[in-house]
Amino acid sequence: MNTAGYVGLTFDDGPNPASTGRLLETLAENGATATFFIWGVHAQQNPELLVSVREAGMAIGNHTYTHPYLTRIGPLAAYDEIERTQQLIQAITGRTPTLFRPPYGDTDDQIRSVAARLGLIETLWTVDTRDWTGAPTEAIVRAASTVAPGGVILMHDNGSQSTVDAVPLILRVLADRGLVPGRIVPAENGVAGKNGTGKTTTVVAP
Ligand code: ZN
């Protein structure tokens with residue numbers, strides 16, 4: 001089959017007992033890969049779920065410990081938020097993340113440099129499904145379907161039933177377009193952009 005390109009599927013804010021397992025099942029059934037940007041607090045509460053994400057072969061990214069607006073708390077606190085989460089993910093999964101997503105997409109040069117000191121590359125998105133607003137399944141699928149090759153879709157692993165229901169439909173739409181869920185990696189000569197236009201990463205074959 002000809003591939004029209006790769007897209008990044010991302011699920012933020014888990015792990016969550018109400019959605020992580022269902023998302024992993026759907027991804028496995030479709031042979032699809034994704035990146036889970038997890039909260040430290042939620043990983044601490046559900047370490048076995050984080051292990052299951054790892055064992056399913058999914059990428060795990062750092063989404064801070066308590067999900068603050070990082071640009072408002074000062075660089076020391078921002079460092080602490082990200083560093084503690086790195087330590088926790090390493091302790092639970094044995095792997096150290098290389099991808100970082102700032103909560104709310106709230107970032108600046110200082111936050112990016114804090115992340116870089118911890119070996120992390122900022123990973124934003126190109127399509128926001130707005131599943132975090134309580135959008136219905138159809139709206140989530142419609143939004144995700146607009147993704148361009150190389151794009152990154154923002155979704156949430158936060159217990160949302162609408163998201164869980166949308167994922168198999170999204171995977172079908174992507175397959176119909178020849179788009180394959182891929183792996184998010186640092187871009188060659190990547191430069192950071194504004195929220196939604198980040199060019200720090202690219203998507204490659206899984
Ligand atoms: Zn988040």
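**Exercise 1.** In this predicted model, determine in which helix Asp 109 and Arg 112 lie, and how many residues apart they are.

*Solution.*
Step 1. Both residues belong to helix α5.
Step 2. Their separation is 3 residues, about one turn of the helix.
Step 3. The two side chains meet in a salt bridge, with an N to O distance of 2.9 Å.
Step 4. Exposed means over 50% relative accessible area; Asp 109, at 60%, is therefore exposed.

**Exercise 2.** Identify the residue in strand β5 with which Arg 112 forms a pair, and state whether that residue is buried or exposed.

*Solution.*
Step 1. Arg 112 forms a salt bridge with Glu 122, whose closest approach between N and O atoms is 3.0 Å.
Step 2. Arg 112 lies in helix α5 and Glu 122 in strand β5 (residues 121-122), so this pair ties together parts 10 residues apart in sequence.
Step 3. Glu 122 has a relative accessible area of 4% and is buried.
Step 4. Through shared partners, salt bridges join Asp 109, Arg 112 and Glu 122 into one network.

**Exercise 3.** Explain which parts of the chain are tied together by the pair Arg 101 and Asp 12.

*Solution.*
Step 1. The structure holds 4 salt bridges, one of which brings together the side chains of Arg 101 and Asp 12 at 2.8 Å, N to O.
Step 2. Arg 101 is in the loop between β4 (99-100) and α5 (109-117), while Asp 12 is in strand β1 (residues 5-12); the pair therefore ties together parts 89 residues apart in sequence.
Step 3. Arg 101 is buried, with a relative accessible area of 0%, and Asp 12 is buried at 3%.

Technical notes. Residues numbered from 1 in each chain as written. Predicted model: local features only at pLDDT ≥ 70, side-chain atom pairs only at ≥ 80, totals over all residues. Heavy atoms only, no water. Helix = DSSP H or I, 4+ residues; strand = E, 2+ residues; numbered from the N terminus. Buried < 20%, exposed > 50% of the residue type's maximum accessible area, 1.4 Å probe, protein only.
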